[in-house]
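Colleague: I would like a close look at a single part of this model. Please start from the whole chain, so that I can place that part.

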Amino acid sequence: MLENCKTAKERWGGVSEIIDRWLEERQTMLVQYCALSGLDQDLSDIQRGEKLRSFCQILVDYVSAGHFEVYDQLIKEGREFDDAEALQEAGKLYDTIDTTTEKLLDFNDKYLETDDLSSISADLSHLGEALEVRFSAEDRLISVLHTSHKDLVS
């Protein structure tokens with residue numbers, strides 16, 4: 001997944017400040033996810049909990065930025081170019097993204113309410129699957145609603 005993020009950043013980087021900042025946050029979140037997934041069992045529960053809280057914070061920030069900044073901007077661009085086909089595909093992609101949002105926020109809510117880390121490995125695995133689906137849908141959303149109009153902007 002980390003390679004995919006790097007590739008996405010290279011592909012979409014420079015498109016706009018909002019997207020750049022958001023992809024940077026996605027990269028940081030993914031690095032924290034990988035570090036959390038590989039946590040050394042020798043860490044104390046307090047240390048593991050701190051790393052988990054830090055990850056959850058960036059996860060929520062990332063999800064929020066997507067929903068309240070990036071996706072709105074992309075939809076607006078699709079409308080400005082009157083790209084009905086792209087907007088139709090974007091609706092389907094947004095449904096996929098929305099489904100993963102529920103999973104990401106459920107993970108966050110669970111670990112905000114508990115210090116019990118007994119199921120963290122399984123939960124991180126499920127979260128990783130949701131992130132992979134989300135990243136693919138987001139990258140396609142950017143392609144369909146932004147990059148496809150690149151040549152139309154002088």
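Which pattern does the chain follow, read along the sequence? Then please describe helix α3 in detail: what span should its 36 residues have, and where does it bend?

Modeller: The model is predicted, so local features need pLDDT of at least 70 and side-chain atom pairs count only at pLDDT 80 or more, while totals for chains, interfaces and linings use all residues. Residues are numbered from 1 along each chain as its sequence is written, and side-chain values use heavy atoms, leaving out hydrogens and water.

Read along the sequence, the pattern is α-α-α-α-α. The chain has five helices and zero strands (DSSP runs, H or I of at least four residues for helices and E of at least two for strands, numbered from the N terminus). Of the chain's 154 residues, 40% count as buried (under 20% relative accessible area; exposed is over 50% and partly exposed in between, with a 1.4 Å probe and protein chains only).

Now to α3 itself. This helix takes in residues 45–80, which makes 36 residues. At 1.5 Å a residue, α3 should span 52 Å (the expected span is 1.5 Å times one less than the number of residues). The C-alpha atoms at the two ends of α3 are 51 Å apart, so the model agrees with the expected value.

Along the way, α3 bends by about 40° at Gly 66 (the angle between axes fitted to the seven residues ending there and the seven starting there). After α3 comes Asp 82, and the phi of Asp 82 is positive, near 50°.

One residue of α3 to look at is Cys 56, within residues 45–80. Cys 56 counts as buried because its relative accessibility is 2%. For contrast, Cys 34 has a relative accessibility of 39% and therefore counts as partly exposed. The structure holds zero disulfides (pairs of cysteine sulfur atoms within 2.5 Å).

Cys 56 also gives a link to another helix. Asp 109 belongs to helix α4. In sequence, 53 residues separate Asp 109 from Cys 56, but in space the two are 8.9 Å apart, C-alpha to C-alpha. Whereas Cys 56 is buried, Asp 109 counts as partly exposed, because its relative accessibility is 38%.

To recap the part you asked about: the ends of α3 are 51 Å apart, the helix bends at Gly 66, and Asp 82 follows it with a positive phi.
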